[in-house]
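Okay, thanks for making time, everyone. I'll put the structure up on the screen, and then we can walk through the salt bridges, one sheet and the inside of the fold.

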Amino acid sequence: QVQLVESGGDSVQSGGSLRLSCAASGLPSIPFNAYSVGWFRQAPGKEREGVATICGGGGRTYSADSVKGRFTISRDNAKNTLYLQMNSLKPEDTAEYYCAADRSGGSCPLITTWWNYWGQGTQVTVSS
């Protein structure tokens, strides 16, 4: 049974920092480091959007323009864990944040429909 469990969401003031974690278990067939993994978010009344992703194997990363220079995605393959370091947070970063995983093929797009495995989400609230 695949489980992706996010943690680290909180309420912070604008300009603050948070680190989200996503612990993965039960991913089938191939090692965790071969999976593409990523972070996505959904604000109230809006569609889910890609935040940052890491491709399996080669480790290429992609980030949404809105978070470049502020958010950093990383992974610890020994711990089967994905991270999102979020700095200089803004009120518009307020959303439910989800991690996702999929067998790579070397791809890791910011498109939500590509991903097969999803966590339940963790709430990030940024106040001005």
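Let's start with E49, which makes a salt bridge with R41, and the closest N and O atoms there are 2.7 Å apart. Keep in mind that this is a predicted model. So how exposed is each partner? E49 comes out as partly exposed, because its relative accessibility is 36%, between the 20% and 50% cut-offs. R41 sits at 6% relative accessibility, so that one counts as buried.

Altogether the structure has 4 salt bridges. Another one pairs R70 with D93, again with the closest N and O atoms 2.7 Å apart. Where are those two in the chain? R70 is in the loop between β6 (61–63) and β7, while D93 is in the loop between β8 and β9, so this pair ties together parts that are 23 residues apart in sequence. Both R70 and D93 are buried. And if you're wondering about the first pair, R41 and E49 belong with R70 and D93 to one network of salt bridges.

Then there's D65 with K68, where the closest N and O atoms are 3.2 Å apart. Buried or exposed, this D65? Exposed, because its relative accessibility is 65%, and the cut-off is 50%. K68 is exposed as well, with 52% relative accessible area.

Okay, on to the sheet. Four strands make an open sheet, in the order β1-β3-β8-β7, and the pairing is antiparallel. On the edges you have β1 (3–7) and β7 (71–76), each pairing on one side only. Ignoring direction, neighbouring strands in this sheet are turned by 15° against each other on average. If you zoom in on β3 and β8, residues 81–86 for the latter, you'll find 6 bridges joining them, with the strands running antiparallel. One spot to click on is L18, which stands opposite M86 in β8.

Last stop, the cavity. How many cavities of 30 Å³ or more does the structure hold? Just 1, and the volume of the largest cavity is about 30 Å³. Its lining is made up of L4, C22, A24, F32, V37, L82, A100 and A101. The elements that give two or more residues to that lining are β3 (18–25) and β9 (95–103). What about the chemistry in there? By class, the lining has 8 nonpolar residues, with no polar and no charged ones.

That's my tour, so over to you for questions.

Notes:
Residues numbered from 1 in each chain as written. Predicted model: local features only at pLDDT ≥ 70, side-chain atom pairs only at ≥ 80, totals over all residues. Heavy atoms only, no water. 1 Å grid on protein atoms, 1.4 Å probe; cavity = no way out; pocket = protein on both sides within 12 Å on 5 of 7 lines; lining within 4 Å. Points joined across faces, edges and corners; volume = space filled by probe spheres on them. Nonpolar A, V, L, I, M, F, W, Y, C, P; charged D, E, K, R; others polar. Pairing = 2+ DSSP bridges. Axes fitted to C-alpha atoms, helices over the stretch in contact; angles between N-to-C directions. Salt bridge = Lys/Arg side-chain N within 4 Å of Asp/Glu carboxyl O. Buried < 20%, exposed > 50% of the residue type's maximum accessible area, 1.4 Å probe, protein only.
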